[in-house]
Amino acid sequence: SGKWTRTMAILREFEGKCATPISKLRQVADAMTVEMHAGLASEGGSKLKMIISYVDNLPTGDEAGLFYALDLGGTNFRVLRVQLGGKDTRVVKQEFEEVSIPPHLMIGTSDALFDFIAAALAKFVAEEGEGFHPAPGRQRELGFTFSFPVRQQSIASGSLIKWTKGFSIEDTVGQDVVGELTKAMERIGLDMRVAALVNDTIGTLAGGKYYNQDVIAAVILGTGTNAAYVERAQAIPKWHGLLPKSGEMVINMEWGNFRSSHLPLTEYDQALDVESLNPGEQIFEKIISGMYLGDIVRRVLCKMAEEAAFFGDTVPPKLKIPFILRTPDMSAMHHDTSPDLRVVGSKLKDILEIPNTSLKMRKVVVDLCDIVALRGARLSAAGIFGILKKLGRDTVREGEKQRSVIALDGGLYEHYTKFSTCMESTLKELLGAEVTANILIEHSNDGSGIGAALLAASHSQYL
Ligand code: ADP
Ligand code: MG
């Protein structure tokens, strides 16, 4: 029937526009490398901010004492305490707690958000029990993981450049987020010093390196996406300070803001961007990360409903609601292995209020999930390949056996198996068998929390 012809035409056209053949991925990786150079050369020289983190030493294993960490990411924030025992005992004990952020605080005032965070932290500190030993007479210290673009002024200060991932609180922009947190802690009477302000990618890099000294980069695939890596200080022309003793500097790429004419963008991506809280920004993030994948699928389904009467004569009203189809639900449909695609059927019914879908219709939905997820996964692999190229680790050098480990974290990577599997196999495809043998992707489970605590330890006021 005409309905099917039109539906399949929309599907095939979308698939074509999303195509990521290896040749295209190589162009994307090369563009990423070019932008990395440009961002390191001068402030504002690229869409990639290539932020200097002021972290010029990564954990060694000698860190000791009780430290706290706070991780403000996207949907949740985590608080963590860890008792570090130094070289031999390492992590003696750790505890963490996760708190979800009430949506109204994501678009409210700076004070309201930071008061909420400080209150949760204070409650957590009050529950400090056996096995944790604060040094008598000393202030507790905290590593603050803040996963939004910050212009870092020192290891423990930095001003917010902009919110991303659905946050929009005007009065925080331009403010020192450590100052905002410190003021909120003072208001509530919590005596705690922020010793390090880090991005989640930096935290993940530090946490990864603590367990494996071959870690050279970290990538987050969660609500948003970003990457950080260890750069030679000499290779950062925009850095005018003293060269660090280590000769190295960790760079927070803010790769979510990458864009290139080589990116396969569709009309749906364009519409999503225009209607977003940050139009024109975070284009790479908007086609890769967990906040957006489900909504891209929804947009194509909506088009099928409107122009091909895919769900019948009327467009199901729920289908018009932005972000109603979340990436975890998309993932559940994509991984549905039941012969009648039962999970797809029930998700369509429960979330979009579309009852009685045929198997044929459900298959179209799965195809859509496949197209959107695999495009994101393959582009993430291209980004990682770009970093390896920048570092000259995309080839095997004569007589050299350098291992490169990339620490990966984030809910999308962790839970969306088809996404992570495709990302890893695409990276292998880009690297080739010989180089692949020296490159390892390691899941750094919540490494950013422990990483932030470790960086607080190495920047303690009592050292
Ligand atoms: P954040 O990025 O906010 O710091 P996480 O790293 O925990 O937090 O990532 C959470 C994101 O991961 C969610 O917003 C969602 O997009 C994605 N996610 C979580 N669970 C799943 C899942 N089962 N399948 C696919 N994506 C998931
Ligand atoms: Mg996070």
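**View 1. The two domains of this predicted model have centres 27 Å apart, taken over C-alpha atoms.** The model shown here and in the views that follow is a prediction. Domain 1 is assembled from residues 1-51 and 200-445, while domain 2 covers 54-198. Where they meet, 23 residues of domain 1 are in contact with 20 residues of domain 2. On the side of domain 1 that touches domain 2, α6 and β11 each supply at least two residues. Helix α6 gives the largest share of that side, with 7 residues.

**View 2. Six strands form an open sheet with mixed pairing.** Reading across, the order is β1-β11-β10-β9-β12-β13. The edges belong to β1 (51-52) and β13 (439-443), each of which pairs on one side only. Look at the β1 edge for a neat detail: β1 and β11 (residues 248-252) run antiparallel and are joined by 2 bridges. Here Ile-51 stands opposite Asn-252 of β11.

**View 3. Helix α6 lies across five strands of the sheet, namely β9, β10, β11, β12 and β13.** The helix spans residues 200-211 and runs at about 135° to β9 (215-221). For orientation, an unreviewed UniProt entry lists residues 217-457 as "domain: Hexokinase C-terminal". Over residues 217-457 the chain is 48% helix and 12% strand, and the end C-alpha atoms are 21 Å apart.

**View 4. Helix α7 (residues 267-274) has Tyr-268, Asp-269 and Leu-272 buried.** Down the axis of α7, the buried residues fall within an arc of 100°, so they line one face of the helix. That fits a familiar rule: an α-helix has 3.6 residues a turn, so residues three or four places apart point the same way. The packing partners of the buried residues of α7 are α8 (283-288) and α9 (293-308).

**View 5. Asn-356 has a positive phi of about 50° although it is not a glycine.** Most residues other than glycine have a negative phi. You will find Asn-356 in the loop between α11 (342-352) and α12 (359-390). Is Asn-356 buried or exposed? With 10 other C-beta atoms within 10 Å, Asn-356 is exposed.

**View 6. Asp-446 also has a positive phi, of about 55°, and is not a glycine.** The residue sits in the loop between β13 and α16 (447-458). Why does Asp-446 count as buried? Asp-446 counts as buried because 20 C-beta neighbours lie inside 10 Å, and a residue with 20 or more is classed as buried.

Definitions and conventions: Residues are numbered from 1 along each chain as its sequence is written. Chains are lettered from A and ligands numbered from 1 in the order in which they are written. This is a predicted model: local features need pLDDT of at least 70, side-chain atom pairs count only at pLDDT 80 or more; totals for chains, interfaces and linings use all residues. Two strands pair if DSSP finds at least two bridges between them. Helices (H or I, at least four residues) and strands (E, at least two) are DSSP runs, numbered from the N terminus. Two residues are in contact if their C-beta atoms, placed from the backbone, lie within 7 Å. Axes are lines fitted to C-alpha atoms, for helices over the stretch in contact, and angles run from 0 to 180 degrees between N-to-C directions. UniProt positions are given in the numbering used here, feature names are shortened, and annotations may be inferred rather than shown by experiment. A residue is buried if 20 or more other C-beta atoms lie within 10 Å of its own, exposed if 12 or fewer, and partly exposed in between; C-beta atoms are placed from the backbone. The arc is that of the directions from the helix axis to the C-beta atoms. Domain bounds come from an automatic or database domain assignment.
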